Amino acid sequence: MRSTSTKTLLRTALAVTAAAAVGGLSTDARSGWYRRLRKPSWQPPPQAFGLVWTPLYATIAYASARALSRADDGSRPALRRALAVNLALNAAWPPLFFKARNPRLALAEILALDVSNALLTRRLLREDRTAGLLLLPYAGWTGFATALNAAIARHNPQARRDPGAQGA
């Protein structure tokens, strides 16, 4: 069994860091618009998100590098594409929710991310069981985030249309 390549780990870490940076720069939980949204009682405090996402991003980078290092030459390109699509979807959610201020559009996008997570996890499981299992918390957290996004969209049907909510 091949070990995880340092070069591959560096590449996946850079790709994951880029997705995290887009998300971090697009998120503004202190905006007036966000503070005015009705949120479910079970929403974690804002600081919980950084505490959860940091180890998840590290795990995505490591698990992906591990699977890529163990994949044969025939399956490696498809695995890279699946990871790239997943990270693009991951990075797209915060701008849709926080910058576009559109919880419904963000919900549609995060549902696509959930599908991508399932496909990526399945692909990683085929290449390396441990790598695939390492992605399960990521899939679980985005499932939770999907439920949270859905609750916010349901409780705030005017969120995108309300001109007062746009200028926060």
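## Helix H5

Let's start with H5: 25 residues, with 35 Å from the first C-alpha to the last, close to the 36 Å expected at 1.5 Å a residue. Keep in mind that this is a predicted model.

The buried residues of H5 include Ala-106, Leu-107, Ile-110, Leu-113, Leu-120 and Leu-124. Some polar ones are on that list too, among them Glu-109, Ser-116, Asn-117 and Thr-121. In general, an α-helix has 3.6 residues a turn, so residues three or four places apart point the same way. As for partners, the buried residues of H5 pack against H2 (32–36), H3, H4 (76–99), H6 and H7 (136–155).

## Salt bridges around Asp-128

Searching the whole structure turns up three salt bridges. One of them pairs Asp-128 with Arg-66, with the closest N and O atoms 2.4 Å apart. That pair links distant parts of the chain: Asp-128 is in the loop between H5 (103–127) and H6 (129–134), Arg-66 is in H3 (residues 46–70), and they are 62 residues apart. Asp-128 counts as buried because its relative accessibility is 6%, and Arg-66 is also buried, at 13%.

Asp-128 forms a salt bridge with Arg-70 as well, this time with 3.4 Å between the closest N and O atoms. Since Arg-70 sits in helix H3 and Asp-128 in the H5–H6 loop, the pair ties together parts 58 residues apart in sequence.

The remaining bridge joins Asp-73 and Arg-76, whose closest N and O atoms are 2.7 Å apart. Here the partners split: Asp-73 is exposed at 60% relative accessibility, while Arg-76 is buried with a relative accessible area of 14%. Through shared partners, salt bridges join Arg-66, Arg-70 and Asp-128 into one network.

## Aromatic pairs

The same kind of whole-structure search gives eleven aromatic pairs. Trp-42 and Phe-144 make an edge-to-face one, 5.6 Å centre to centre with 65 degrees between the planes. Trp-42 lies in the loop between H2 and H3 and Phe-144 in helix H7, so this pair ties together parts 102 residues apart in sequence. Both rings are partly exposed: Trp-42 has 41% relative accessibility and Phe-144 has a relative accessible area of 26%.

Then there's Phe-97 with Phe-98: ring centres 5.0 Å apart and planes at 65 degrees, so the pair is edge-to-face. Phe-97 is buried at 2% relative accessible area, and Phe-98 counts as buried at 10%.

## An aromatic cluster and a lysine

Phe-97 and Phe-98 belong to one aromatic cluster along with Trp-33, Tyr-34 and Trp-93. Tyr-34 has a charged neighbour too: the charged end of Lys-39 sits over the Tyr-34 ring, 4.5 Å from its centre.

Note on methods: Residues numbered from 1 in each chain as written. Predicted model: local features only at pLDDT ≥ 70, side-chain atom pairs only at ≥ 80, totals over all residues. Heavy atoms only, no water. Salt bridge = Lys/Arg side-chain N within 4 Å of Asp/Glu carboxyl O. Helix = DSSP H or I, 4+ residues; strand = E, 2+ residues; numbered from the N terminus. Buried < 20%, exposed > 50% of the residue type's maximum accessible area, 1.4 Å probe, protein only. Expected span 1.5 Å × (residues − 1). Contact = heavy atoms within 4.5 Å. Phe/Tyr/Trp six-rings, centres within 6.5 Å; stacked < 30°, edge-to-face > 60°. Lys NZ or Arg CZ within 6 Å of the ring centre and 35° of its normal.
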